[in-house]
Amino acid sequence: MILAGKQQKHLFLALFYLILLVLALFWIAPMITLVLTSIKGKKEFYSGLSLFALPEKVAWKNFSEALIRGRLLTYMKNDLIISCLKVPLGIFIEAMAAYALTRLRLKHATGIFIFFLVGMMLPFQIALVPINVIYNKLNLLNTYFGLFYVYIGFGISYGILILRGFFRGIPKEMDEAAVVEGCSKWQIFIRIILPMAKPAIATLVIVDFLATWNEYLLASVIINDNAKKTVPVGLMTFVGEHGTDYGLLCAGVLISVIPVLVVYLIFQRHFVEGMSGALKA
Amino acid sequence: MLPSPYQTLEHSMVTKRRDWGAIGFLLPALIVYLSVIVIPVFYSFFISLFDWNGIRDMKFVGFGNYKTLFTNDPIFIISIKNNLIWIVLTLLLTMTVALMLAVILNKQFHGRTFFRGFFYFPSVIAPIAVSIIWRWIYEPNFGFINQLAQTLGSDFTQTWLSNPKTSLYAIFAANLWAVVGQSMILFLAGLQTVSVDALEAATIDGAGAVKRFIHITIPYMRETFIIVFATLIIAGMKVFDIVMGLTAGGPNNSTEMLSTYMYSQSFRYNNVGMGTTVACIMVLIMLFIIVPYISFTAKEQ
């Protein structure tokens with residue numbers, strides 16, 4: 001088949017948009033289903049109303065029930081507390097370590113770095129039983145501290161990887177000038193390195209927040225008190241309690257996704273760039 | 001050349017003190033890392049040598065648990081097989097769809113930024129939430145897929161999750177929806193490293209789009225492919241939440257993964273020794289796969 005250049009280009013463009021459209025339909029269907037289901041009451045649900053039809057009246061009750069009776073409000077509060085403790089503390093100690101690995105005279109710096117990297121590939125499962133046993137002895141099960149301490153541990157590898165990469169790109173002249181002015185190592189770290197690493201830290205904050213907010217396995221083993229559960233563990237409890245009430249379940253899921261959506265929309269641009277930046281680091 | 005002030009200062013200090021300063025900065029991370037990861041890893045290995053229900057009477061059995069798993073535990077073998085199937089599927093499908101999306105979204109067109117964000121968004125949703133959404137989509141009576149089939153005039157219904165023949169693939173499809181954005185982003189970043197000059201030169205030489213892609217784009221993205229490959233394999237070994245949320249390893253253990261089997265052995269059936277052994281085997285497999293990757297990353301840095 002011989003086509004003129006222009007025709008070929010048009011055909012190519014049409015095909016291109018067709019593929020994009022099909023993929024976009026596949027990807028949006030679950031989201032639309034979620035929203036449409038969450039606004040339907042039980043009655044409409046079982047009266048045979050099509051999944052794709054809009055209800056006569058939006059069932060706001062699903063949302064209020066999920067928040068209060070489904071305890072999602074409590075779960076979100078707990079998750080927020082854990083995330084707000086884990087993210088800044090974790091990043092701070094990761095930054096300290098990355099500073100030592102890149103700026104201070106340290107024997108075997110590369111070896112120590114690789115030692116820290118190994119943690120990135122370990123599955124949480126390897127620590128589950130020991131942590132459960134130790135926490136049981138120390139009375140740390142069902143505590144916020146117990147959970148965010150473990151989260152910090154499992155976040156260290158990635159944090160050090162990203163921050164070390166970034167710190168290496170900060171010119172050494174900056175520290176040298178500060179040394180001349182009589183700054184101590186600690187002052188250099190706080191006043192020069194940390195402020196200069198803002199872009200890397202911002203990326204880490206977002207990645208860390210999402211990972212912490214969404215984590216299920218460790219939280220399900222460490223927390224079983226309904227009053228202390230985080231959102232993913234709470235959602236599973238919620239499913240256990242309201243197994244087939246999909247209107248309510250979808251409302252719950254939608255509510256749990258909203259904070260993530262907000263964070264995502266605010267930082268979207270930065271996020272996508274940051275992720276690719278991390279790749280190049 | 002004058003010595004820099006930095007060096008002068010370093011030379012004036014005693015070696016020992018210099019090292020201690022660095023260790024002081026390293027210490028908090030080291031303490032947490034040792035207590036959360038390193039010690040538990042060794043502790044897990046220790047427990048894996050015992051027959052233990054988690055409460056009392058630890059009975060030393062040496063490598064007995066390992067032997068039992070490999071020779072006398074069909075569910076363990078199913079788990080390993082499922083993890084392997086999963087990894088093969090991700091490398092074939094997730095990688096292809098991600099690359100396709102990246103190539104499409106690398107073109108200049110109106111709404112490109114929106115679509116990038118749109119396809120990435122599912123990967124920021126909690127996997128547990130994803131599993132609840134898809135549980136509903138697969139629901140046999142009112143769920144999306146079967147209702148769509150009915151709307152289109154077919155009386156086709158399928159119990160996607162409770163049929164052992166389809167359940168693993170149903171979970172995989174849900175997972176594909178959720179995670180493809182991550183690999184897409186990596187590929188998009190990789191596409192930016194492809195030399196525009198080389199592409200233009202090839203166009204002048206008369207190479208078509210497909211030829212340019214195979215002979216120029218792919219070789220330029222070698223590193224990206226290695227990274228995507230490694231992250232997908234690690235994710236395939238670790239996959240847990242979405243399986244737990246959709247089938248919890250059922251029906252009849254047909255979707256059991258190493259991760260879910262470890263969990264149910266340790267926390268549901270109180271075979272803590274056996275469950276921990278599964279965790280240790282997971283780590284051994286991952287070490288085997290990942291050590292080459294880590295040394296690669298360290299070298300690149």
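Biologist: What volume of space lies in the second largest pocket?

Modeller: About 1300 Å³, a volume being the space filled by probe spheres set on grid points joined across faces, edges and corners. This is a predicted model, in which local features need pLDDT of at least 70 and side-chain atom pairs pLDDT 80 or more, while totals for chains, interfaces and linings use all residues. Residues are numbered from 1 along each chain as written, chains are lettered from A and ligands numbered from 1 in written order, and side-chain values use heavy atoms, without hydrogens or water.

Biologist: What makes a space a pocket or a cavity?

Modeller: On a 1 Å grid over the protein atoms alone, a pocket is an open set of points with protein on both sides within 12 Å along at least five of seven lines, whereas in a cavity a 1.4 Å probe fits but cannot get out. The structure holds two cavities of 30 Å³ or more, and the second largest cavity has about 30 Å³ of space.

Biologist: Which residues count as lining the second largest cavity?

Modeller: Those with an atom within 4 Å of a point: Trp213(A), Asn214(A), Val231(A), Ser256(A), Val257(A), Val260(A), Ala126(B) and Ala129(B). Helix 13 of chain A gives the largest share, three residues; a helix here is a DSSP run of H or I, at least four residues, numbered from the N terminus.

Biologist: Which residues lie nearest the centre of the second largest pocket?

Modeller: Phe12(A), Val103(B), Lys107(B), Ala209(B) and Arg212(B), out of 28 lining residues. Helix 1 of chain A supplies seven residues, the largest share of that lining.

Biologist: How many residues does each chain bring to the contact?

Modeller: Chain A brings 99 and chain B 97, contact meaning heavy atoms within 4.5 Å. The area buried between chain A and chain B is about 8800 Å², with 80% from carbon and sulfur atoms; buried area is the accessible area (1.4 Å probe) that two parts lose on being put together, summed over both. Trp27(A), Arg105(A) and Met121(A) supply 9% of what chain A buries against chain B, more than any other three residues.

Biologist: How many salt bridges does the rule find across the interface of chain A and chain B?

Modeller: Zero. The rule asks for a side-chain nitrogen of Lys or Arg within 4 Å of a carboxyl oxygen of Asp or Glu, so no pair across the interface of chain A and chain B is called a salt bridge.

Note on methods: Helix = DSSP H or I, 4+ residues; strand = E, 2+ residues; numbered from the N terminus.
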